[in-house]
Amino acid sequence: MSDPVQRPRSFQEIILALQTYWARQGCAILQPYDMEVGAGTFHPATTLRSLGTNPWAAAYVQPSRRPTDGRYGENPNRLQHYYQYQVLIKPSPPNLQELYLGSLQAIGIDMALHDIRFVEDDWESPTLGAWGLGWEVWCDGMEVSQFTYFQQVGGHDCHPVSGELTYGLERLAMYVLGVDHVMDMPFNSPDAPIPLTYGDIFKQTEEEFARWNFDVANTEVLLNHFVEAENECNAILSQDAQDPKTGKRIIMAHPAYDQCIKASHIFNLLDARGVISVTERQAYIGRVRTLAKACADAFVQTRAGGWSEDAA
Amino acid sequence: MPDLLIELFSEEIPARMQARAADDLKKLITNGLVEAGLTYASAAAFSTPRRLTLTVEGMLDASPSITEERKGPKADAPGKAIEGFLRGAGLTRDQLEERETPKGNILFAMIKKPGRPASEIVAEVLETTIRNFPWPKSMRWGTGSLRWVRPLHSILCILTAEDGAQVVPMTVDGIEAGATTRGHRFLAPDTITVSNFDDYTAKLKRAFVVLDPAERRDAIWHDATNMAFANGLEVVEDAGLLAEVAGLVEWPVVLMGRIGDDFLDLPPEVLQTSMKEHQKFFSVRHPKSGRIERFITVANRTTADDGVTILAGNEKVLSARLSDAKFFWENDLRIAKSDAGMQTWVDRLSNVTFHNKLGTQAELISRMEALAGELAPMVGADAVEAREAARFAKADLSSEMVYEFPELQGLMGSYYAKAAGKSDAIADAAQDHYAPLGPSDDVPTAPVSIAVALAEKLDKLTGFWAIDEKPTGSKDPFALRRAALGVIRILVENDVRHPFMYSHLMALIAEHIGYDEKDREQLIDVMAEFNERAKLLDQLPSNRMTPDLAKFVGDKMRSEFGSKAEELKTTGENLRKKLEVAKDRAADLLSFLHDRLKVYLKDQGVRHDIIDACIAMEGNDDLTLLVKRAKALSETLKTDDGENLIQGFKRANNILSQAEAADGVEYSYGADIKFAETDEERALFDALDKAEAQINPAMAAQDFTAAMSAMASLRGPIDAFFDAVQVNSDNSTVRRNRLNLLSRIRAICSSVADLTKIDG
């Protein structure tokens, strides 16, 4: 926490500051997962790695999509595509709150002038069969992060417990940079030869995706995709652990989980298209949860999930 | 007499759990201490966002030693029995006492249990308490297995006597108790060592922690009201918010901020809700105009810039929040004022499920609309207006503002209805039709609001009764008890009569279970057609009706109507079954309403047996009338005459019932004064005539008070009659006449209420 605080001037500087900070705390700095997800939690580096007994420490940026939040780039705070910064450490270290506060300082928040508060906010993901206790962290009344101690993921009790930090990057950056509309936020340095704002990069895509999400996405195709992903997930998990070709024990937890992520995102798209009724909603969420649980069951049977030949 | 100080220091405890947790800590520890023999003078518990603290003063320094006497075998018992006893008691033979008893010489063991030092007991009790703490939700962290509300970091546990403070040696899940704590997370994060409770509170205060939540509350309220007053404004009181905010800070610093001019014209309820729900701000209003002009936020620290940065941040967040609210408000107003108006929202509700067996919100609304129209004349409302009010009462459920702030439902509806140019009565109904929300909530009083509020609740009750989802035990997920109480209160407190409630409930339930009036009409139509054709046969001259023709016509009729007849039979049968179900369910719902009514009247001091006596009377589905009857009876029974009349009535009724049972006849022929033998008998005749002359018209006018006071006036004559007269006279004519006289007492009294149900 002793680094001299240099006020960042752009969105990417804040991301870089977080990357540097968490790298210094010993986290593996991962890259975003290459699939459409609703939140950083869906990255297997969080969902699956929070399971089992193996220690873990990772941090990464995750582009996240929430089709229903699209506002054609007009709302100052809402986007259908945005970035989350995610940190997961297992077991949760005793000084996780201090580490977290250090990260705020690293991005230029002066601890002596601001009012930081931990306000109760229990996290639950019905689609992942996961829950945890923690807070939303307030800086001068604004929610800047979610802080969660995972208790259960994919229906499995977490032992040891992971500590998860999620930063909504746009909101946090807007606050630090003093910007009122997300589209006005400098993405690279304002002094760069070609200065780019967030809007230069994303205003058009927000419009295009909002139109597609709300009015154009082919619901029939999506409904089929949902069922296909569900079937594929189940088919993958029904294979023998023993690979007939290599003779190795290869449980395909990650490929199956990819299908689960896919089903989850398709559900979000269908929801944005307004074709899912209130009663159906619960049923769809239940179906994704069933997949997530099956993937979790499979993962804990793998080495990364804490399985070992000796114990078996 | 040492003092005990315990502090459990953790990461931030949810504000809503703190007060209860402090109470639990006090209860569990002190109970545990007392159970182990450690009594104490006083105890108090406190909480902040990061700590639970308990101080126990004047505690024993050790539990008292106890001697327990245990009875053993006889002195001359076999060696094995005595050895067993010695093993159990942990003594040797020479330590036993031999006593002479009527049963012979018996061995007694005196087992001494030495007292235990307080620190040992405290360590045990504290560990048990921590391990079994009743948090509403608890968690594990790291690699540990201990559960706490959030990670527990340290335990302070010291016993302080004249010779100083001593740490109670104990460890829970790797956390070792000590004599240290920490101050404010940011202002004084270092370790503090304390020696007793006063030292602890004083050092905490120097380290920017106010331990006592009541002190934090008072300080916040004091500063907030002063700050508002200095600006000619006042803080909107909110005890719940105050308690919550006091649970979010260890070092409260009150700051007052501005609300952007753009937002000052939002409805005050919207400002207040948005500020409270999202930001935990207090609203500050102008005392005259009531307009909300500022907000108060409570920070958890002082800063070098006196909170300027903090306040600027909060103002900015609020402005983003209120931009959303304003956006919703303006979008909603645009729709409300458009040509299609609020109907746009009603139409959208056809996509929203009310209950999967009771259809969509839009269907609910059309049922409410019809029902409000039916009820309107009964409550003195214009039927057209009542229907319109019902149609739009729930329209705001589709509005963006209510989607964001569900607690503003109804209220927003009334704003939007006014904006849409609806009458005030319609706008008010949108806001009031959910009422009453609880036993102390006001009931709607305007006729249109009454019609819509009743329609909403009656539809709900009959709907859930139709699908057989009634409340059971403590489970009442659809708040049907509240709806029933609402119906009762709206009717009774507005003095509205619903004289055919039972049939109405039945009709509504029948509709819910798919009883279709059209089926019945079709049945009648086909019957009519059949009769028409049959009449044609009659018109044939009889001489033309040959057996062949008769057979031809008969076959034709059969082939034409035969299949229809089967169909009609099924339809008729289905209709009958549905009506049967509706009848049973309506009776059940009425008795549910009666049960709620009993609770309602009991709260007003009317005994349950009095209510039963009135429910037993005909017309008991007219709840308003029922309440009047019960209250009149209750008042009457409070008088001396009333109370004693019941005795007289019961005596008359018992004698009469026994005689009727024994004689196998009913004595209702009518008594004749000419067979009266005594003055008391004749006086009773007179009194009954007089009472009857008063009671009958009073009952016809439903003036229960007059009827009952006339009834109570019978007390004297009836008592005098029983004192002087033997009913069972040897003279059978006289006896019969007297029994018939008792029958008149019973008839007259029973026209008022079923007095047999009255206790005593």
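1. A salt bridge, as counted here, is a side-chain nitrogen of Lys or Arg within 4 Å of a carboxyl oxygen of Asp or Glu. By that rule, five salt bridges link chain A and chain B. One pairs the side chains of Glu98(A) and Arg185(B), at 3.2 Å from N to O. Keep in mind that this is a predicted model.

2. Now the contact between the chains as a whole. On chain A, 41 residues are in contact with chain B, and 41 residues of chain B take part. The two chains bury about 3,400 Å² between them. Carbon and sulfur atoms account for 52% of that area. On the chain A side, Leu113(A), Arg117(A) and Glu120(A) lose the most area to chain B. Together they make up 16% of what that side buries.

3. Next, the inside of chain A. The chain is divided into domain 1 (11-212) and domain 2 (218-305). Their C-alpha centres lie 25 Å apart. Contact involves 25 residues of domain 1 of chain A and 25 residues of domain 2 of chain A. About 2,200 Å² is buried between these two domains, with 69% from carbon and sulfur atoms. The salt-bridge count between domain 1 of chain A and domain 2 of chain A is zero.

4. Chain B has a longer list of domains to learn. Domain 1 comes in two pieces (3-62 + 117-206), and domain 2 covers 73-111. Then follow domain 3 (213-336), domain 4 (350-465), domain 5 (517-601) and domain 6 (614-757).

5. Take domain 3 and domain 4 of chain B as a pair. Their C-alpha centres are 32 Å apart. Here 16 residues of domain 3 of chain B are in contact with 13 residues of domain 4 of chain B. The pair buries about 1,300 Å², and carbon and sulfur atoms give 70% of it. In domain 3 of chain B, Phe328(B), Asp332(B) and Ala336(B) lose the most area to domain 4 of chain B. Their joint share is 36% of what that side buries. Zero salt bridges are found across this interface.

6. Now look for enclosed space. There are five cavities of 30 Å³ or more. The largest cavity holds about 140 Å³ of space. Its lining has 18 residues, and those closest to its centre are Phe118(A), Glu12(B), Pro49(B), Leu248(B) and Asn300(B). Which element gives the most to the lining of the largest cavity? Strand β4 (residues 116-120) of chain A does, with five residues. By class, the lining has ten nonpolar, two polar and six charged residues.

7. The second largest cavity holds about 90 Å³. Its lining counts 13 residues, and Arg117(A), Trp138(A), Gln279(B), Thr297(B) and Val298(B) are the closest to its centre. You have met Arg117(A) already, among the residues of chain A that lose the most area to chain B. The lining of this cavity divides into five nonpolar, four polar and four charged residues.

8. Finish with a pocket. The second largest pocket has a volume of about 1,500 Å³. Of its 32 lining residues, Thr68(A), Asp271(A), Arg348(B), Ser398(B) and Tyr403(B) lie nearest its centre. From chain A, α7 (253-272) and α8 (278-299) each give two or more residues to the lining. From chain B, α8 (308-337), α9 (343-348) and α12 (400-404) do so too. The largest share, six residues, comes from α8(B). The lining includes twelve nonpolar, nine polar and eleven charged residues.

Terms used. Residues are numbered from 1 along each chain as its sequence is written. Chains are lettered from A and ligands numbered from 1 in the order in which they are written. This is a predicted model: local features need pLDDT of at least 70, side-chain atom pairs count only at pLDDT 80 or more; totals for chains, interfaces and linings use all residues. Side-chain values use heavy atoms; hydrogens and water are left out. On a 1 Å grid over the protein atoms alone, a cavity is a set of points where a 1.4 Å probe fits but cannot get out, and a pocket is an open set with protein on both sides within 12 Å along at least five of seven lines; lining residues have an atom within 4 Å of a point. Grid points are joined across faces, edges and corners, and a volume is the space filled by probe spheres set on the points. Helices (H or I, at least four residues) and strands (E, at least two) are DSSP runs, numbered from the N terminus. Ala, Val, Leu, Ile, Met, Phe, Trp, Tyr, Cys and Pro count as nonpolar, Asp, Glu, Lys and Arg as charged, and the others, Gly among them, as polar. Domain bounds come from an automatic or database domain assignment. Contact means heavy atoms within 4.5 Å. Buried area is the accessible area (1.4 Å probe) that two parts lose on being put together, summed over both.
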